[in-house]
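Biologist: Could you take me on a close look at the empty spaces inside this protein, and at what surrounds them? I would enjoy one connected walk through that part rather than a list.

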Amino acid sequence: MPDATAPLDLLLLPTWLVPVEPAGVVLHDHALGIRDGRIALLAPRDIALRHAAREVRELPGMLLAPSLVNAHGHAAMTLFRGLADDLPLMTWLEKHIWPAEARWVNEDFVRDGTELAIAEQLKGGIGCFSDMYFHPEIASDPIHQSGIRAQLCIPVLDFPTPGARDAGEALRKGVALFDDLRHHPRIRVAFGPHAPYSVSDETLESVRILAEELDAAIHMHVHETSHEIARAIERDGVRPLTRLARRGLLGPRFQAVHVTQLDDEDLALLVESNSSVIHCPESNLKLASGFCPVERLWLAGVNVAIGTDGAASNNDLDLLGEIRTAALLAKGVAGSATALDAHRALRMATLNGARALGLDAETGSLEPGKSADLVAFDLSGLAQQPIYDPVSQLIYASGRDCVRHLWVGGRQLLEDGRLTRLDEERLKDKAREWGRRIGAADNAH
């Protein structure tokens, strides 16, 4: 048990503190204390200053919140950023992305692309992300070294992929990685069957059995386009969510990514199973996939998180920008200006994301006992003035350039906008070199 009488390691004194839980609360003149990597104190400033602390830091003009949770992405695809823009989803995948992956994706690509993605995310206030990409065992190393928190999803498809000849090999390697990382303090391993149209019933059954045995999550692209739905009905006679429900995959561990196509039966299945939905608004807009009915899901009681998707279809890993898009889009889709207000939008990118990934006991809100996963946003700029509600100003009037500091498990990974563990210039040089090689080959093709 930690010694509650020991001095705090760090006492932070922001202008505003937004704990996210309880919902809608903004604390003025409060402080947060960290001890042994965890939140040890949340109290009014004058009371907090009575506690001994090894370091006290004033954060004037800053909003302290839980670090953001990017609940869906393909990290190494940062190296394909902008490669095949302005194309329909299946054309984009089948004619450009899958051929490029077949040619370029190897262990070096995954290592360099993941490290680039981690750096971009940390600078944007993201302290936890979900990654669904090839060679996850390679991605685990830069995640470990960087200090960020992550869910690594084992990609499972019914055809050969980089790192696996078939779904069976992908699952065997996934189980081995699960065992290797079982006790890692910041990395969770989940199963990532790609999509209903790329995974057979037999493979889905294997995923279900393993997920139950290991108490692991299942992360899957679902109901991403109307074309997917039509093709599924033609092939299987039912919509994809119905098929997944019949196979026993839905449940509290199931993470349904995209969900732009939803009818009453789909909604009932998500509610009854307590599955989570991960909304990727900018990728869905760019690929013209459709609109996730976020307000309808939320009001029905579905846990809705948010993700950037990969940089090849977004084209950035800017979750703060994603939240703003989500809030504005939700109002247009629902036909209501009150849909997905700023406070709920922030919750979607923090506690809801943590809940979707099964990490809500550890991160996603500022509560004593939880990991000290924090981000400080600087709202002192010209464009944020005047401030009536700092959360509204964060969502509607701020960009990721306002991110100043970030901690994960009490360790500072971003200090005054500078990465503390990663060499930004080296990462840019590597990315440019990959870009020269990939771009030359794509132009020749």
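**Cavities and their surroundings**

Modeller: Gladly! The area buried between domain 1 and domain 2 is about 2,000 Å², with carbon and sulfur atoms giving 67% of that. Please keep in mind that this is a predicted model. Domain 1 is made of two pieces, 8–66 and 374–408, while domain 2 runs over 68–357. Their centres, taken over C-alpha atoms, are separated by 30 Å, and the contact takes 23 residues from domain 1 and 28 residues from domain 2. On the domain 1 side, I395, Y396 and R400 lose the most area to domain 2, and together they make up 37% of what that side buries.

With that frame in place, let us turn to the empty spaces. Rolling a probe the size of a water molecule over the atoms shows where empty space is left. A search of the whole structure turns up three cavities of 30 Å³ or more.

The largest cavity has a volume of about 50 Å³. Its lining consists of N70, G73, H74, A75, Q121, F129, S130, D131, D309, G310, A311 and L317. Strand β7, residues 126–132, gives the largest share of that lining, three residues. Sorted by class, the lining has four nonpolar, six polar and two charged residues.

One of the lining residues, D309, also appears in a database record. An unreviewed UniProt entry carries the annotation "binding site" for E101, H194, E224 and D309, and from this set the lining of the largest cavity takes in D309. As for E224, that residue sits in the loop between β10 (218–222) and α7 (226–236). The unreviewed entry also has the annotation "domain: Amidohydrolase-related", covering residues 64–412. This span is 43% helix and 17% strand, and its end C-alpha atoms lie 14 Å apart.

L317, another lining residue of the largest cavity, brings us to a loop worth a visit. The loop between β13 (303–306) and α12 (319–334) holds N315, and a cis peptide bond joins N314 and N315, with omega about 20°. Most residues other than glycine have a negative phi, and most peptide bonds are trans, so this is a spot to view with some care.

Now for the second largest cavity, which holds about 40 Å³ of space. The residues lining this cavity are L79, D112, L116, L427, K430, A431 and W434. Two helices, α3 (107–123) and α16 (424–444), each supply at least two of them, and α16 gives the largest share, four residues. Here the lining divides into five nonpolar, no polar and two charged residues. Set beside that, the largest cavity has six polar residues in its lining.

To round off the tour, two further backbone details deserve a glance. The peptide bond from E21 to P22 is cis, with omega near 5°, and P22 is placed in the loop between β1 (10–17) and β2 (27–28). D36, in the loop between β3 (30–35) and β4 (38–44), has a phi near 55°, a positive value in a residue other than glycine.

Definitions and conventions
Residues are numbered from 1 along each chain as its sequence is written. This is a predicted model: local features need pLDDT of at least 70, side-chain atom pairs count only at pLDDT 80 or more; totals for chains, interfaces and linings use all residues. Side-chain values use heavy atoms; hydrogens and water are left out. UniProt positions are given in the numbering used here, feature names are shortened, and annotations may be inferred rather than shown by experiment. On a 1 Å grid over the protein atoms alone, a cavity is a set of points where a 1.4 Å probe fits but cannot get out, and a pocket is an open set with protein on both sides within 12 Å along at least five of seven lines; lining residues have an atom within 4 Å of a point. Grid points are joined across faces, edges and corners, and a volume is the space filled by probe spheres set on the points. Ala, Val, Leu, Ile, Met, Phe, Trp, Tyr, Cys and Pro count as nonpolar, Asp, Glu, Lys and Arg as charged, and the others, Gly among them, as polar. Domain bounds come from an automatic or database domain assignment. Contact means heavy atoms within 4.5 Å. Buried area is the accessible area (1.4 Å probe) that two parts lose on being put together, summed over both.
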